[in-house]
Each structure stands twice: as structure tokens, then as C-alpha cells.
Amino acid sequence: MVFLALEHNMARGVYFYTCPNCGGPTGDDRLLTRLPCPKCLDERVAVEDIVEVYELLQKNGKLRRDSDLAFYARVEQEARKVEELFEKATGSRLWSAQRMWVRRVLKGKSFAIIAPTGVGKTTFGVLMAVYFASKGEKSYIILPTTPLVVMVEEKARKLAEAAGVPAKILAIHSKLKTRERRERLKRFLETDFDILITTSKFLLSKLDTIKAVAKKFNGFRFIFVDDVDAVLKSGKSVDAILRIVGFTDEDIRLGLEMLKLQREIARLPQKLRKMESREEVRETIKEHYSKLKSLQEKIEEAKKRASVLVVSSATGRPRGARVRLFKVLLGFEAGSRSEILRNIVDAYTFPDHSSKLEDKVAEIVERLGDGGLVYVPVDKGVEYAEKLAELLRNRGIAAEAFTSKNYFALERFRKGETSVLVGVAIYYGVAVRGLDLPERIRYAVFAGVPRLKFSAKFEDPHPVNVLRALGLLVEHGPKDVSQRAEELLARLRRIVQRLSQAALARLAEELRSGKLESPYANTFLEAVKFVREALRREDVWRCLEEAPDIAIVRESGKAYILIPDVATYIQASGRTSRLYAGGITKGLSVVVADNSKLLEGLIRRTRWWVEAEWKRFEELDLPKLLREIDEDREKVRAVVEGRVKPSEARELVKTALMVVESPNKARTIASFFGRPSSRQVGPLKVYEVSTGDYVLLITASGGHVYDLVKPVKPTPKISKRWLMDELQGSVEGIDWSRAVNVQGVIYDGENYLPIYGPILRCKLCGNQWTPDPAEPSSLEKCPRCGSQFVNNSQEVVKALRELASEVDVVLIGTDPDTEGEKIGWDVASLLAPTAKSIARIEFHEITRKAILEALRNPRPFKESLVEAQIVRRVEDRWIGFTLSPVLWLEFWPKFCKVVLSEPSKSKRLS
Ligand SMILES: [Zn+2]
Ligand SMILES: [Zn+2]
């Protein structure tokens, strides 16, 4: 990728407050080559990155320790240490997304990881903890289940050992024997550990103790919550996590107050419209903003005490009002992404004879070979999975059942000792959620359509089943039933979304036993009664029988309803296709249908969620498909084993920051790639998505970030030459003895240099201005109305620099016109000191296709367009002011000549 080509070492403009070291004015020529201003570093040398600049400044004694430059350089240096540790521990290199996460943690940022499983989230979390252990700092890893705690404990031990870090790892879970548990709890109380690993249940039940223990060492350095969807289902766990992170009751109260205030501010325009006097409007806005400012300040203080929190989420969506506290207190939305990034061939077939489903499955597995997953429907259960595994073994296939009771089957499969795992197709089951082997899994076969099943008598009124039954009646019931079901469904769905797994289980038990205690239990019971009554009606049954995509089956005289389980199908088949450091692997999924109506339903519904093109298995070009699948597995292995050389790494997925102009555009683009997660970085809302080639951060500059400064008015204190004196030494190549300032443009008789300042906007009166460099108060106060509530584009620059520091490449996607080119140029110049690489991308319509096309074709900036826009802007400024006729006569023709007619020879402004 091309870094901005700079043909000559001359500035096209000077930008106030932008030297990454001293914060003084400096030219785009310096910024774009990552150098600080000439006052900080007088030589002009080629540097690779910010660390090199940092070392140069250390040598010449001009380094400012509290500067942006020092901060980002130190993060970079430390990130490299983590990278070394990672290589030592795993024998492979971090891939780009992991490198980005490492930098965020080291900057002290909390965030949510949105990638699907299989991209090394857990490895990242564990290694970060190992790294902090090497520095004597403590971490806490929180997981949803005991098997995961055991697995991660093992992983942490292995990685720490391989990295040569004597980390003390302490895992506490329910499978420990009494004595061992007592011993471990004792170690916990004595803070005798570096890495604590527990279930979220432990966190909830021992919250106060954990807080007290953490207090002894001033809080955890790093907290990692894996599978946040499972953990965050209840408001209680949100609070618990926030408290462990270091927030007090008072902080949480402030957070809730902030949420309330934000809602009020969102409604403010309507309120203001009703007001009569301008004074009243002004007072109301002022009141809201001063409240906002004071809350923000208090929350900023609270944040300083907090640990770094990283939560990882695969699918699903943590909901509820309290989850929004993460946004207010830690700046990110836990968010979600759907698994639409899949590269899977979805195929179906039927058994040759209805009783021979198992034979058909075996036949397919024999043809596809090693690295397979076989799923059995949930109603047939674990026993059937074991039976099927045995049947496959009898036919000479190394198959084994993989259930929560037989967890070691996974290890044998991973090592290649077995070829096929047989598991149950259930959404939260180990075989659906607990598999993370992109280099091993080649295909999935479903022995029967994955489905949900319930009895016509509706004997098991689990709340989730109640929802499903209602959904079924909404879709297929007669009109009166359908309407009532819809009302109930809307109500219950909202309740279920708020409940944790534990609360759901409790509620299910109460509904079974009839002893109702939980809140909402009565509402659910009402729905259960409704469903049971409906299922007693003959007309309802007729409708269900006629429905094209569900099935009614009778077993030992009892009727059951089967519904295709699309969510589980997408999850389970998704095990065969994974985003990894080199892209998305190709996978194959075959459904051997035991019921054609269910298959019909599955096919229809998957199309709502993913770009699935169903094909008959027999019609596939298997040799070609398997070859593609195997090539991808080989690439994954090469990445995992660190055999990919840097020269080949060009092919791999990169992290990129895409900057567009309007926030709406940023949101629309993000929505093309699944439900994006988002973060607030300073004033910027940043979306994060995966496109297959990129892990892409998308944000908006909000149009121009810098503009020509206002001319400085001479006063008794400020001389006419004030600005020139101020800038002297900040830009090279100007003859300062002859220089004059013509309305924000420096002219020395030969060269022209526009002076840019940040753009400020008053929140109360809407006034927009650039600050007067001679008058520092113009950065803080509105010159028109005196208000101190001001949006300052320097905050945008700061946030862009932060984002640029995380990614492999910055892609400037401002509008494809002359003005867009100049806005992009400014943005590129301002964030360049922290960026690794920058390029321009261009798209003329906002469609998924156009964006992907643009991402594949980055280009250098068109400097002629940038220059044309500079001329246009300067012209506007001069027309706005009355220039003396002499200046017009002398200045303007020369300016045009230099800039427009001789671009290659021109110096200043060229
Ligand atoms: Zn400087
Ligand atoms: Zn104002």
C-alpha cells in the first residue's frame, strides 16, 4: 500500500497545535513524514515509525514526556514486547486484529471484541494476562462455564510456561474437590496469584470478597470476560463486572444519571421548538450542557481508577438498560455481530430409504474423510450421538461422540487421533459453541434437520419454549389465535431478553411445578395456558398440519411439533468456515433430511440470515470443493504455525481505519457488514466490522477539520508581525524577513503558505470560527456570545490519531470531489504522525459493492485537486475581505500562476 507520496519537502500549509511533540504549529510536509516541527527536530530524516522519532528526540534532548508522541511511542514499544512474548509462547505471530487489541489494552482502553470465535480472542486474553504477570500485575479472566474455566486454566499454564513467565495461575470452579477448593480459596484470599480464572457465577456470589481482595493490590490491571453474551444477561452481572473494574455505587449512579441526561438531550430540539423566548432556549441548552460537562468530568475521574476491561462476544446481543452503562462508563457498546461472514456451501440430500438415514450419513462421511462434525437433532439426544459414532466406527471411520461428559474427545480430534466428532445440535451445546478449530474442521453433516421439538400437550413450559410456541401460533394459527399470540409474544420477548440463564431456569422450574414466585411468572403462566388451550383446538391442528415448513410427528401415540432450528444450524455449520488471519476459510455443510417439510423450512429461513445458496449434495463438484477447502486449511495452519513470511503477509487480513465525512455515511457503510459494534473515542463514534479482507474501523471527520485562521488584529501588545514571529522556525523555506500575512496566508514575495487552525463551534449560538492564535481564550470561549460550551475539532484530531495508532492502514474515504480531496489531505496530515500507512479510497455510491471495490483499490492523493481546493479557499477568504488594490494586483496573479500553471516547479502551496 502506498504511503502518501510527497514529491518535495515543502509545506502546503501550516497547521496550528499539531506538532506531536510540542503541540505547536507545523507543516503538512513534516506531519506526513511523521516528523515533529523543525523546532523540535531540525534535521529532516526518513523515519520508519513513531518509535524512531521518539528515540531521535530522546537523543537531542527535546522530547516532551507528556506529549502524544511520547505516549504512542511508549505504547508501541510495549506492544512489541507483548508480540515477542506471544511468539515465544505460541511459536507464531500475532495477527493484525490481535495486534490492534494489544495496543488498545496498553493504552488503557476498555473495549468489546466483536470477531467470531476462531480468531484467537481467548488466546489474546490469556496472553495479555501472562504479560502483565511478567510485570507483577494481576489479571482476572471470567468465563461462563466450569469446563471453560478448566480449559482456559490449562491454556494459561501452557502459554506461561512456554513464554518462560513464572505466572501464578489460580482457577476456581465447581469441579474442585472440597479440600482443593478450600486451598485455592485460601490462596485467593491471600492474593497469592497473578491470574485469577473463575466462572461468572463465582463473581456474582463472591462479589464483595473479590472486591476486598482486589483492594489489597489496588485493583486488577486487566479483566477479560469471555463470551459476554452468556455473562451479561442479567443487570446484576453488569453491575458486578463494573464493580470489579473499580467503579463505586456512586459512579454507577452517575452513569445512570448520564444515560438519563443523554435521553433528555436527544429530546431537547422538540422541547426547544415550543419555547417562546430566545433567552429561555439559551438557558435551557446551557443548563443541559453544564450538567453534561460536570457529569463528564466526574466520570472521567472515575475512569482513571478503573481496570482495563475487555469483553468478547461471538454472537447474540447483550441487552438491557444496564448494559448501556458500559457505554457511558467505559466508552463502548458490547454490541454484536451476526455470523454473516461465512463462506460455506450449504447442501442437502435425502436418505435412499427412510430407515437408512445413518447409512447415508456414513456414506457421506466416507466420501468427505477426515475433519468432520456430525450433528444429531436435539430430540434424539446424546444416546443417539453415541450410537451413531459407534456405527461409524463399525464402518472403519475413527469417530467419537463429543458431549459435555466426554470433553477429551475434542483433544483427540484436535490431535488428529480421531477423524470425526458426533455431537448434538443444540444452540448452547459444546459441539455447537465449544469448537474452535479452523485448521481441523473441514465439513459438517447433519443427521436429520436441526430442530426444536415440543409435545402437543406442551408439558415442558420452559420460557424459551413458550416463546417458540407463540411464534408458531403467530405464523400458522387461525386469525384469533394468531393475534392473541402476537400480543403475548411481544410482551414475553422483552422479559426473556432481560433474564439471565439462571433466572430462566428458575422460572421454568416454577412453571413446571406450579409454585410461582418469580416476577413475571404469572405472565408466563397465562401464556402457557393460552398455548395449551390453543393446542386443544382442532382447527389449530389443521392449520399446523398444513404449514409448509414445520412437521407434526407421532411417537407412541403422542403428537409432537417440530420446528427447524435455524440459529443452531448457522452456528453449527459455521464451525466449518472461520475468519482467520488470512481471510475466511471455505467450508461445507450437508443436511441429510429426515423430513422434507422441515428441510423446506430450514432452507427458507436460513436465507433470511445469511447469503446461503442451497444445492443438492449429489450435484456438487466434490473434488474441486474439497481441494479448495484443503488449501484454506493449509493456509490456516501456516498462519497458526508461524510459517507465513512477512512478504506473504500482504495477502492476510488487515486492520484498517476508514474515515468518511458524514456520521450518517459511516453508520450506513458499517451496516453493510452485519450489525456493527461501536465505541466512542472522544467526540467520534467508531463502528467496527469485518469485511473478510479487513477488520475495519469506520468513523466520520464531520467535514473539514481545519480551516484558514482569522487574521490577527494588531493591538498595542500584539505587533503586526506577531503571527510571522510566532511561526518563524516552525516551517522551513520561508524568507521570514520579507514575509507578510495576507488574511491568513503568509507571502514572502515568492512563496505562499496558508495557516490553518482548528474549527470551533459554539453549542449555544451555533457560531463557527477558527481561533485567533494571539488570543488563547478564543479556543475556549465563543467570541459572539461568550459561551464556554464549544466543540473543538482538535478533539477530533486527537481521536483520529488514537485510532490511527491501532491499525495497519488508514483509508481516507472523504467525498470524491475537489473539496473531499482537500478534507482528506488535512485529515491524513493531522493523523499521520501515529499512522503506519495512509491511502485514499474513492467511491461514488454508498453500496456494499462500491465500498468493497473502493477498499480493494486504494490510491495516492491527487495533489492537483488538493491544490485547486487550496486556491479556491484562499480566493473565498480574500473576496470576503477587502484587500488593498496593490496587494490584489501583485498578489493574486502571482498566486494563481505559482499554484496553477507551474505545479511541478512551484514551491510553496504546491
Ligand atoms: Zn514541535
Ligand atoms: Zn456562541
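What percentage of the 910 residues in the protein is buried? Buried residues make up 56% of them. The structure is a predicted model, and its secondary structure comes to 33 helices and 33 strands. Among the contacts with a separation of 6 or more, 70% are between residues 24 or more positions apart.

**Two zinc sites**

The model holds two zinc ions, listed here with their donors.

| Ion | Donor atoms | Distances | Angles | Spacing |
|---|---|---|---|---|
| zinc ion (ligand 1) | C19 (SG), C22 (SG), C37 (SG), C40 (SG) | 2.2 to 2.3 Å | 105 to 114 degrees | C-x2-C-x14-C-x2-C |
| zinc ion (ligand 2) | C762 (SG), C765 (SG), C782 (SG), C785 (SG) | 2.2 to 2.4 Å | 105 to 116 degrees | C-x2-C-x16-C-x2-C |

Which geometry do the 4 donor atoms around the zinc ion (ligand 2) form? Their angles run from 105 to 116 degrees, and therefore the arrangement is tetrahedral. Four donors count as tetrahedral if all angles lie between 85 and 135 degrees. For comparison, the ideal angle for four tetrahedral donors is 109.5 degrees. The site of the zinc ion (ligand 1) is tetrahedral as well, with angles of 105 to 114 degrees.

The donors of the zinc ion (ligand 2) are spaced C-x2-C-x16-C-x2-C in sequence. C765 lies in the loop between β29 (760-762) and β30 (768-769), while C785 lies in the loop between β30 and β31 (790-792), so this pair ties together parts that are 20 residues apart in sequence.

The accessibility of some donors can also be stated. C765 has a relative accessibility of 25% and so counts as partly exposed. C785, with a relative accessible area of 24%, is partly exposed too. At the zinc ion (ligand 1), whose donors include C37 and C40, both of these residues are buried.

**A pair of helices**

Two packed helices are described by the angle between their axes and the distance between the axes. Helix α2 covers residues 50-60 and helix α3 covers residues 68-90; their axes come within 9 Å and cross at roughly 120 degrees. That angle makes α2 oblique to α3. The crossing of α2 past α3 is left-handed.

Which residues of α2 meet α3? On the α2 side they are I50, V51, V53, Y54, E55 and L57. Their partners in α3 are L69, A70, Y72, A73, R74, E76, Q77 and R80.

How values were computed. Residues are numbered from 1 along each chain as its sequence is written. Chains are lettered from A and ligands numbered from 1 in the order in which they are written. This is a predicted model: local features need pLDDT of at least 70, side-chain atom pairs count only at pLDDT 80 or more; totals for chains, interfaces and linings use all residues. Side-chain values use heavy atoms; hydrogens and water are left out. Donors are N, O and S atoms within 2.8 Å of the metal (3.2 Å for Na, K and Ca); water is not among the atoms, so sites may look incomplete. Four donors count as tetrahedral if all angles lie between 85 and 135 degrees; four count as square planar and six as octahedral if opposite donors are over 155 degrees apart and all others between 65 and 115; anything else is irregular. Helices (H or I, at least four residues) and strands (E, at least two) are DSSP runs, numbered from the N terminus. Buried means under 20% relative accessible area, exposed over 50%, partly exposed in between (1.4 Å probe, protein chains only). Axes are lines fitted to C-alpha atoms, for helices over the stretch in contact, and angles run from 0 to 180 degrees between N-to-C directions. Angles under 35 degrees count as roughly parallel, over 145 as roughly antiparallel, 65 to 115 as roughly perpendicular and the rest as oblique. A crossing is left-handed if the near helix is turned anticlockwise from the far one by less than a right angle, and right-handed if clockwise. Contact means heavy atoms within 4.5 Å.
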